[in-house]
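User: I'd like to go through this model label by label and hear what each label rests on. Can you take me through it?

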Amino acid sequence: MRFFTYQQDGIRGLGLRMGDDLYGILESSPAYPGGLEDLISKGMAGLDSASKTLMNAPLTGDFSYLPTIPSPGKIICVGLNYADHTTESGYDQPDYPTLFPRFTTSLVAHDQDMIAPLDLSDTLDFEGEVAVIIGTGGSHISKEDALGHVAGYALFNDGSVRDYQFKSPQWTVGKNFDGTGAFGPDFITADELPEGARNLKIETRLNGKTVQSANTDQLIFDVPTLISVISEAITLEPADVIVTGTPSGIGHARTPKLYMQPGDICEVEVEGMGVLKNRIAAAPGLTSGERVGH
């Protein structure tokens, strides 16, 4: 099953994608089955029920996507999780996952603008990634049981403002500018993909040119390991998001550097998961070439 969150006339809705056909019900309708946060907490039974309800409601008219899960309780990102990316970034490969948070104010949806904060920086970089959506929460989850805690997956572009990322040893500020974390379009239930989203081609394109290309089998810390290690310290809850890391090819590691500029189009595609597409725009009130201090 493939669900998405959208809005129409300013009202949030839940959508279902079946091939080329779209279905959807707004939360203003008595038939609204609930948001993904709630449905995920009810397990596959809740998602199955919502799917059956949605199939009676073809989606018509204009709509816009919202982030797959607009307000997850936690977004935990993983850095340095592909060896080639660790090398290009100038680090020794860590033997423990490099974790940092993202906040919901940084999220944007498929087909929305990612925001280049040109008043402060012109170093907005791309990072195509697979996001894991937790279904059953818990702490001290074993590796052997970890995949049973996964509800599904989504696409993510971990847009990073590089000069702010490296102002300190902690990366949090550079990873949390408003409007830099693209998330969507679909929540794909785990049964639609290989276990742990293994052996999937992952690719990022900037203005149609491939800038990142790898396979999820190259993850240093795979999905079960990430869930197990994170849950040793942090209780995971339904609809929490783990963003698993990006492969090599980032703009910051190139000579000359390749940062995203207003008007650019960035696409993240993962085999079997579809495409997350975003245009880059200047922060409101700024033109593409305008910067006010640094």
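**Labels and what backs them**

Analyst: Sure, starting with a helix: in α5 the buried residues are V223, P224, T225, L226, I227, S228, V229, I230 and S231. Keep in mind that this is a predicted model.

User: What makes α5 a mostly covered helix?

Analyst: The count does: α5 spans residues 223–233, and 9 of its 11 residues are buried. As for what covers them, those buried residues pack against β5, β6 (98–102), β10, β11 (150–158) and β17 (241–243).

User: How do you know that T189 is buried?

Analyst: Buried means under 20% relative accessible area. T189 has 0%, so the label follows. T189 sits in strand β14, residues 187–189. Setting aside neighbours within four places in sequence, T189 is in contact with M1, F3, M44, L47, A151 and G152.

User: What makes the pairing of the T189 side chain with the backbone nitrogen of M1 a polar contact?

Analyst: The cut-off for an N or O pair is 3.5 Å. The T189 side chain reaches the backbone nitrogen of M1 at 2.9 Å, so the pair is within the limit.

User: And T68, buried or exposed?

Analyst: Buried, because its relative accessible area is 0%. T68 lies in the loop between β4 (64–65) and β5 (75–79). Its contacts, leaving out neighbours within four places, are T5, L36, A154, F183, G184, P185, D186 and F187. With G184 there is a polar link too: a polar side-chain atom of T68 lies 3.4 Å from the backbone nitrogen of G184.

User: Why is S106 called buried?

Analyst: At 0% relative accessibility, S106 counts as buried because the label needs a value under 20%. S106 is in the loop between β6 and β7 (107–108). A polar atom of the S106 side chain lies 2.7 Å from the backbone oxygen of F103. Beyond four places in sequence, S106 is in contact with N176, F177, D178, G179, T180 and G181.

User: Now charges. Why is the pair E192 and R2 called a salt bridge?

Analyst: The test asks for a side-chain nitrogen of Lys or Arg within 4 Å of a carboxyl oxygen of Asp or Glu. For E192 and R2 the closest N and O atoms are 3.5 Å apart, so the pair passes. E192 lies in the loop between β14 and β15 (201–206) and R2 in strand β1 (residues 2–8), so the bridge ties together parts 190 residues apart in sequence.

User: What are the exposure labels of E192 and R2?

Analyst: E192 has a relative accessible area of 40%, so it is partly exposed. R2 has 19%, which means it counts as buried under the 20% cut-off.

User: What makes K175 and E127 a salt bridge?

Analyst: Their N to O distance is 3.1 Å, which means it is within the 4 Å limit. K175 is in the loop between α4 (162–165) and β13 (181–183), and E127 in the loop between β9 (124–125) and β10 (128–134), so the pair links parts 48 residues apart in sequence. Both K175 and E127 are buried.

User: How do K201 and E203 fare?

Analyst: Their side chains meet at 3.6 Å, N to O, so they pass the 4 Å test as well. K201 is partly exposed at 43%, while E203 is buried at 13%. Elsewhere, salt bridges with shared partners join R102, D125, E127, D158, R162 and K175 into one network. The whole structure holds 14 salt bridges.

User: Which residues have the most contacts inside the largest nonpolar core?

Analyst: Y153, I227, L236, I242, M260 and M273, in a core of 45 residues. The largest share of this core, 4 residues, comes from α5. Apart from that core lies another, of 31 residues, with L36, A57, L80 and F183 among them.

User: Last one: what lines the largest pocket?

Analyst: There are 21 lining residues, and H85, S89, R162, Q165 and I250 lie nearest the centre. β5, α3 (83–88) and α4 each supply at least two residues of the lining. The pocket's volume is about 170 Å³.

Conventions
Residues numbered from 1 in each chain as written. Predicted model: local features only at pLDDT ≥ 70, side-chain atom pairs only at ≥ 80, totals over all residues. Heavy atoms only, no water. Buried < 20%, exposed > 50% of the residue type's maximum accessible area, 1.4 Å probe, protein only. Polar contact = N/O pair within 3.5 Å; in protein donor to acceptor, adjacent residues only side chain to side chain. Contact = heavy atoms within 4.5 Å. Core = buried A, V, L, I, M, F, W, Y, C linked by side-chain atoms within 4.5 Å. 1 Å grid on protein atoms, 1.4 Å probe; cavity = no way out; pocket = protein on both sides within 12 Å on 5 of 7 lines; lining within 4 Å. Points joined across faces, edges and corners; volume = space filled by probe spheres on them.
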